[in-house]
Amino acid sequence: MNLYLKNVFILVGNITAFSSRFFKEVFKTGFEFREFARQCYSIGYKSLPLVTITGFIMGLVLTIQSRPAMAKFGAESWIPGMVSLSLIREIAPVITALICAGRISSGIGAELGSMKVTEQIDAMEVSAINPYKYLVVTRTVATTLMIPILVIYADLIGILGGYIGVNMHGEVNIVRYFSQVFESLEYVDLLPATIKTFFFGFFIGIIGCYEGFNASSGTESVGKAANSAVVSASLTIFIIDMIAVQLTDLFF
Amino acid sequence: METMAKNTLKTGEHPNHQPLIMFKEVYKSFGANNVLNGISFSVNKGENLIILGRSGSGKSVAVKCLVGLTKADKGEITVMGKDVTKLNEQELNQIRMKIGFLFQNGALYDSMTVRQNLAFTLEHNNRNLSKAEVDTAILEALTNVGLADAIDKMPSELSGGMRKRIGLARALIIKPEIIIYDEPTAGLDAITAREIIELIRSIKVKYNATSIIITHDLTCAKYTGDRIIVLKDGIIKAEGSYDDIENNTDEWIKSFFQK
């Protein structure tokens, strides 16, 4: 147990040191815009099908599952508001971030791990190219900016899924549905939920990069890097979510 | 190999006897494993130095210390008059821009075509170049290694020998003053290995670069090196021309030449 705890603290310390280098490098001149754009396309655009499907199912299932309980209290008309509130405040950010941790963090971990094992990162360094700036900064900035956009997109698709769910057992006009959704939403529902997604994105990127950069030699370590990236990023998402909920409760 | 003339220069006989690289009492260990135990040697301008040794003798670690990929624990490594162990990242990059490094497996960037691999290095080192200048330099480097027609291929489409040649083109595109070859013939068949050896010899003539060639291949050492140092357990066991090493009476060195 002591050894396990020690290893956890070492990992946290190493990721903190790795992240602190990010803040030093990101403000230096010579940002790699071309690679950043490539990463935004890969992380953002290419995740859209996955986020669309999961977002839609989240909204649909949440509506169908909550209907019987709401019906017992005769509160079926509250379903659009309840679903949208649940999606925006908690479900869409966390589920989307977890999906992205699986797709993006593992992808970054495996890619950089493979580059490390095949000496591509060394080749960059020897060519006087800063691999941290080229690989880590671009990917982490891309995840930090793309995850919030994907979450907002998942919110919208989830609400649309909720509309389909509501109409499975009755008929609700789309204008009425969305007016009920917007009536139940307040500014304080959107702001903390959106802020926390930037942190989700940052940690998805930086953890993937950390695991890839620290892959030891051998192809086995590439798989380990990808696996560790998903596990660490997913756990971090839950921890950030817990802290964010506590802070939101305190300040809003 | 009949067409190849063997290099027979001895230590100190090189025409440009002016050290460009100097190792002075360099130590490096990884945990309890002492990899370099106070090695000292120098490489003269325009010279091809072979570092010969078995796996784990510290050959690769020595050159990694030279280019700053690994930091030496103790000692001095001077490249072009500057001690690389004391340089900051920016100063080290100035030195790195003058060094071409051929990695054992080429280390080509998987996600880029051959053209992009070469352009990436060149454009990052010289951002003022026009597209036409970059294209000309790429074509020239690829022509020098005899692979101009592979320009739009992905690394996955290349054979082991081709990857090494493209890796060499990438090292040459910056017109380096120093070239480091890490096991240039390892994992290649005899014919491809001979082609790489010929290439190293032609590069020496064409670029007049100073080279360090890490190898355990005696044929490569014989035909590409002006001088050889033999490493064993992080210390220099012998130094001299190929003939000196071949005629060395030490049993361990003799075992190298036994077939």
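Modeller: The expected span of a helix is 1.5 Å times one less than its number of residues. Keep that rule in mind. The model here is predicted.

Colleague: What makes the length of helix α1 of chain A agree with that rule?

Modeller: Helix α1 of chain A has 25 residues, from 2 to 26. By the rule it should span 36 Å. Its end C-alpha atoms are 36 Å apart, so the two values agree.

Colleague: How do you know that the length of helix α3 of chain A fits too?

Modeller: Helix α3 covers residues 48–72 of chain A, which is 25 residues. The expected span is 36 Å. The end C-alpha atoms lie 37 Å apart, and that agrees.

Colleague: Where does α3(A) kink, and by how much?

Modeller: The kink is at S66(A) and comes to about 35°. The proline P68(A) follows shortly after. Just after the helix, G74(A) takes a positive phi of about 65°.

Colleague: What covers the buried residues of these two helices?

Modeller: Take α3(A) to begin with. Its buried residues include V51(A), M58(A), L60(A) and M70(A). S66(A), the site of the kink, is buried as well. The buried residues of α3(A) pack against α4 (79–117) and α6 (131–166) of chain A. In α1(A), the buried residues include I15(A), F18(A) and F22(A). Their cover includes α6 and α8 (187–213) of chain A.

Colleague: Why is T197(A) called buried?

Modeller: Buried means under 20% relative accessible area. T197(A) has 1%, so it is buried. This residue sits in helix α8 of chain A. Leaving aside neighbours within four places in sequence, T197(A) is in contact with P93(A), I147(A), P148(A) and V151(A).

Colleague: And why is T236(A) called buried?

Modeller: The cut-off is again under 20%. T236(A) has a relative accessible area of 17%, so it counts as buried. T236(A) lies in helix α9 of chain A, residues 220–251. Not counting residues up to four places away in sequence, it touches F203(A) and I207(A).

Colleague: How many helices and strands does chain A have?

Modeller: Chain A has 9 helices and 0 strands. Its C-alpha trace spans about 70 × 45 × 35 Å along the principal axes. Of its 252 residues, 49% are buried. Its accessible surface is about 12600 Å², with 68% belonging to carbon and sulfur atoms.

Colleague: Among contacts in chain A between residues at least 6 apart in sequence, what share joins residues at least 24 apart?

Modeller: That share is 86%.

Colleague: What makes a group of residues a nonpolar core?

Modeller: The members must be buried, of the listed kinds such as Ala, Leu, Ile or Phe, and joined through side-chain atoms within 4.5 Å. The largest such core has 97 residues. F23(B), I77(B) and I180(B) have the most contacts inside it. The largest share, 15 residues, comes from α6(A). A second, separate core has 49 residues, among them A150(B), L168(B), L172(B) and I197(B).

Colleague: Which residues does F23(B) touch?

Modeller: Beyond four places in sequence, F23(B) touches I39(B), S40(B), F41(B), A62(B), L66(B), E76(B) and I77(B).

Colleague: Which residues of chain B carry the annotation "domain: ABC transporter"?

Modeller: An unreviewed UniProt entry places it on residues 21–258 of chain B. Over that stretch the chain is 39% helix and 26% strand. The end C-alpha atoms of the stretch are 32 Å apart.

Methods:
Residues numbered from 1 in each chain as written. Chains lettered and ligands numbered in written order. Predicted model: local features only at pLDDT ≥ 70, side-chain atom pairs only at ≥ 80, totals over all residues. Heavy atoms only, no water. Helix = DSSP H or I, 4+ residues; strand = E, 2+ residues; numbered from the N terminus. Bend = angle between axes of the 7 residues up to and from the residue. Buried < 20%, exposed > 50% of the residue type's maximum accessible area, 1.4 Å probe, protein only. Contact = heavy atoms within 4.5 Å. UniProt positions renumbered as here; feature names shortened; annotations may be inferred. Areas by Shrake-Rupley, 256 points an atom, 1.4 Å probe, with all protein chains shown as cover.
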